[in-house]
Structures are given as C-alpha cells and as structure tokens.
Amino acid sequence: QVQLVESGGGLVQPGGSLRLSCAPAGSVFSINDMGWYRQAPGKQRELVATITSGGKTNYADYVKGRFTISRDNAKNTVYLQMNSLKPEDTAVYYCNAYVRLLVSQGNYWGKGTLVSVSS
C-alpha cells in the first residue's frame, strides 16, 4: 500500500494564494500521472489538474489561469500553486497518483487537505 500525504491547505481570503504539496510517505519505484481533485460540501469530487511524468499538464476550465500544477520527479512530489482564490474554490483537495512499486502498481489517493476561502 502507498500513502499519499498532502499538505499546505488552510484558510485564506479571497484573492489570496496557497500552495499544496503531495508525496508518498514511503519509497516507490516510480510515479506516472499525478493530479489534484477537489470535493466541495454536497458535491461530487471533480478534477482540478493533472500532470504526466513528462510534465504535460491538464486543467479544469474553472482553474485555468489561476492554478499551476508542477512536480519534482526526484522528490516524487506534486505541487498545486493556487492564486486568485475564490470562495467557490473552498473544498477538500485530494492528491492522486499512479504509483509503481517493485512488485505491484496502482492508483492511489491521499486523505485530503482542506482549503477554505473566506473573508
């Protein structure tokens, strides 16, 4: 099993910025696609952004131009820089990664980090 650990959530005012980070708790062989998803109260989980191991990115329309996903392959870490935050960005943000171990592989989720945007 792989535990993905997110950090960087918190309370921020509208227009503010936050940076989320996510990395596996233990050692892994390699990581393919990584991404961020979010789930607001009463809503389904939705895509925020994804990034391939080669650095190709994909964003949901509602975060384009405001959020930037990046990764450090040497550290097996994915980041989400969130700027110009809006109240509607309030949600639990989940990290996702397709992880290859020595003897297995699979899709894993973190436990989530809460982002609250409010004045």
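**Exercise 1.** Determine what share of the contacts with a separation of 6 or more joins residues 24 or more positions apart in the protein chain.

*Solution.* In this predicted model, contacts with a separation of 6 or more are taken as the reference set, and residues 24 or more positions apart account for 53% of them. The secondary structure comes to zero helices and eleven strands. Read from the N terminus, the elements therefore follow the pattern β-β-β-β-β-β-β-β-β-β-β.

**Exercise 2.** Decide how the radius of gyration of the protein chain relates to that of a compact globule with 119 residues.

*Solution.* Step one is the expectation: for 119 residues, a compact globule would have a radius of gyration near 14 Å. Step two is the value for the protein chain, which is 14 Å and so agrees with the expectation. The box filled by the C-alpha atoms, taken along the principal axes, is roughly 50 × 25 × 20 Å. As to the surface, about 6400 Å² is exposed, and carbon and sulfur atoms supply 48% of this area. Of the 119 residues, 40% count as buried.

**Exercise 3.** Establish the strand order of the four-stranded open sheet and identify its edge strands.

*Solution.* The order is S1-S3-S8-S7, with antiparallel pairing. Strand S1 (4–7) and strand S7 (67–72) each pair on one side only, and these are the edge strands. Neighbouring strands of this sheet are turned by 15 degrees against each other on average, direction ignored. At the S7 edge, six bridges join S7 to strand S8 (residues 77–82). Within this pairing, Ser 70 has Tyr 79 of S8 as its bridge partner.

**Exercise 4.** Classify Ser 21 as buried or exposed, and list its contacts beyond four places in sequence.

*Solution.* Ser 21 belongs to strand S3 (residues 18–24). Its relative accessible area is 17%; the cut-off for a buried residue is under 20%, so Ser 21 is buried. Leaving aside neighbours within four places in sequence, Ser 21 is in contact with Val 5, Glu 6, Ser 7, Trp 36, Val 78 and Tyr 79. Tyr 79 is also the bridge partner of Ser 70.

**Exercise 5.** Find the sense in which strand S11 pairs with S2 and with S9.

*Solution.* Strands of a sheet pair through backbone hydrogen bonds, either parallel or antiparallel. Strand S2 (residues 10–12) pairs with S11 in the parallel sense over three bridges, and Leu 11 stands opposite Ser 116. Strand S9 (residues 91–100) pairs with S11 in the antiparallel sense over three bridges; here Ala 91 has Val 115 as its bridge partner. Strand S11 (residues 113–117) is mostly covered, with four of its five residues buried.

Technical notes. Residues are numbered from 1 along each chain as its sequence is written. This is a predicted model: local features need pLDDT of at least 70, side-chain atom pairs count only at pLDDT 80 or more; totals for chains, interfaces and linings use all residues. Side-chain values use heavy atoms; hydrogens and water are left out. Two strands pair if DSSP finds at least two bridges between them. Helices (H or I, at least four residues) and strands (E, at least two) are DSSP runs, numbered from the N terminus. Axes are lines fitted to C-alpha atoms, for helices over the stretch in contact, and angles run from 0 to 180 degrees between N-to-C directions. The radius of gyration is taken over C-alpha atoms; the globule rule is 2.2 Å times the number of residues to the power 0.38. Buried means under 20% relative accessible area, exposed over 50%, partly exposed in between (1.4 Å probe, protein chains only). Contact means heavy atoms within 4.5 Å. Accessible areas come from the Shrake-Rupley method with a 1.4 Å probe; for residues, only the protein chains shown count as cover.
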